[in-house]
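This briefing gathers notes on ring pairing, an enclosed space and two individual residues. Please read it with the sequence and the structure open alongside.

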Amino acid sequence: MNFSARRLFKGYVSKSKTIQNNILGIVITIATAIAFGAYPPTVRAVYADGGNAVFILLVTTFARALALYLFCILFHKPLFKTKEDTKIVIIGGFLQALGIFGIFSALTYLPGAVVIIIVFTHTLMLLFFMAWRREIKITLHTLAVTLAALGGLSLVLNIWHQEQHLSYVGMSLAFIAAIAITFRVYIYGHLTKTRNPAVVGAEVFLIATVFAMLSMFFEMPQPPASFEGYGWLSLGCLSLILGTFGVFYGISLIGSFNFSLLSKLEPVFTAIFSIILINEFLSWHQYAGILVVITSLIIYQYMDYRKRSK
């Protein structure tokens, strides 16, 4: 095999591996959306049993940190190896805690649907930020797909067919959460390019757990009143643990923006799990919104696949 043929063969193998990794990353990200989609119905059940937001925040953040830490110990993956990585991880941990706290705080002032829509604007923020950094190119197709997915979510969440009592405080907190998520997803994307995703996740959530404890200065944690509430909390922790592993491995394979875009499937699966777990009913426009979200994401993945295949 001559030199040109070897180069051509290596290029083909490299491209094939990239496409395989992208497909694997998409599968992991969809599984992550399913896992996170099961979480909101469990939270509602914990609230109904007397648990409060601070208790849920502390328990779920600690559970995610513990699971990632034990995984790294089991597979002999050391943490906090260099000072430079540790500095970046501390920022990521702070943003993780800030995003969670912002969402929970916003929910005390705004309906959940409005908070979710505001929080999911982080995909647009990430698109413009990465374009400013010249790491991604904004095209009409990319912008249209991103806006269509966000519009579809607004139908899924039914925000156009109910009275909304908006609060500037709540909106500010939701946008703070969206900004925190934008930068933390970006940071995760860069860290997982060169480091093990589980190690990055364990470090981030150990730091986030420390910052999450500050929430007790605002309100003391209140646990649920019965074993049923703890059962729902355990199910919520499990969904978040599985989803958290998926976040870091998914981002490492498909990058920050694609992961952020596909994460819009989370409210879609939340709607589905609400039907299954707590017997909610969806209207026709919510089903239409699900169709819009899924169609827009399929179109983007098709365009991305064609670009990678060339």
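Ring pairs join Phe129, Trp132, Phe183 and Tyr186 into a cluster, in what is a predicted model. Across the structure there are 10 aromatic pairs, and two of them are described below, followed by the largest cavity and the surroundings of threonine 123 and glutamine 96.

**Aromatic pairs**

- Phenylalanine 71 and phenylalanine 245 make an edge-to-face pair, with 5.2 Å from centre to centre and 70 degrees between the planes.
- Because phenylalanine 71 belongs to helix H3 (residues 53–74) and phenylalanine 245 to helix H10 (residues 227–254), this pair ties together parts of the chain that are 174 residues apart in sequence.
- The two rings fall into separate accessibility classes: phenylalanine 71 is partly exposed, at a relative accessible area of 25%, whereas phenylalanine 245 counts as buried, at 18% relative accessibility.
- Phenylalanine 129 and tryptophan 132, both members of the cluster, form a tilted pair whose centres are 5.9 Å apart and whose planes stand at 40 degrees.
- Since phenylalanine 129 and tryptophan 132 are three residues apart in helix H6 (residues 122–132), about one helical turn separates them.
- Within this pair, phenylalanine 129 is buried, with a relative accessible area of 17%, while tryptophan 132 counts as exposed, at 65% relative accessibility.

**The largest cavity**

- The count comes to one cavity of 30 Å³ or more, and the largest cavity holds about 40 Å³ of space.
- Its lining consists of Tyr39, Thr42, Val43, Val46, Ile56, Thr60, Trp232, Leu233, Gly236 and Cys237.
- Helices H2 (39–48), H3 and H10 each contribute at least two residues to that lining; H3 and H10 are also the helices that hold phenylalanine 71 and phenylalanine 245, respectively.
- By residue class, the lining of the largest cavity divides into seven nonpolar and three polar residues, with no charged ones.

**Threonine 123**

- Threonine 123 lies in helix H6, the helix that also carries phenylalanine 129 and tryptophan 132, and threonine 123 is buried, with a relative accessible area of 0%.
- A polar contact of 2.8 Å connects the side chain of threonine 123 with the side chain of serine 260.
- When neighbours within four places in sequence are left aside, threonine 123 is in contact with Thr146, Phe257, Ser260, Leu261 and Lys264, so that Ser260, within 4.5 Å by the contact cut-off, appears here as well as in the polar contact.
- Threonine 123 and isoleucine 181 are 58 residues apart in sequence, and their C-alpha atoms are 9.1 Å apart in space.

**Glutamine 96**

- Glutamine 96 is found in helix H4 (residues 83–106) and is buried, with a relative accessible area of 2%.
- Apart from neighbours within four places in sequence, the residues in contact with glutamine 96 are Arg64, Arg184, Tyr188, Val204, Phe205 and Ala208.

Definitions and conventions:
Residues are numbered from 1 along each chain as its sequence is written. This is a predicted model: local features need pLDDT of at least 70, side-chain atom pairs count only at pLDDT 80 or more; totals for chains, interfaces and linings use all residues. Side-chain values use heavy atoms; hydrogens and water are left out. Rings of Phe, Tyr and Trp (its six-membered ring) pair if their centres lie within 6.5 Å; planes under 30 degrees apart count as stacked, over 60 as edge-to-face and the rest as tilted. Helices (H or I, at least four residues) and strands (E, at least two) are DSSP runs, numbered from the N terminus. Buried means under 20% relative accessible area, exposed over 50%, partly exposed in between (1.4 Å probe, protein chains only). On a 1 Å grid over the protein atoms alone, a cavity is a set of points where a 1.4 Å probe fits but cannot get out, and a pocket is an open set with protein on both sides within 12 Å along at least five of seven lines; lining residues have an atom within 4 Å of a point. Grid points are joined across faces, edges and corners, and a volume is the space filled by probe spheres set on the points. Ala, Val, Leu, Ile, Met, Phe, Trp, Tyr, Cys and Pro count as nonpolar, Asp, Glu, Lys and Arg as charged, and the others, Gly among them, as polar. A polar contact is a pair of N or O atoms within 3.5 Å; within protein, one must be able to donate a hydrogen and the other to accept it, and residues adjacent in sequence count only if both atoms are side-chain atoms.
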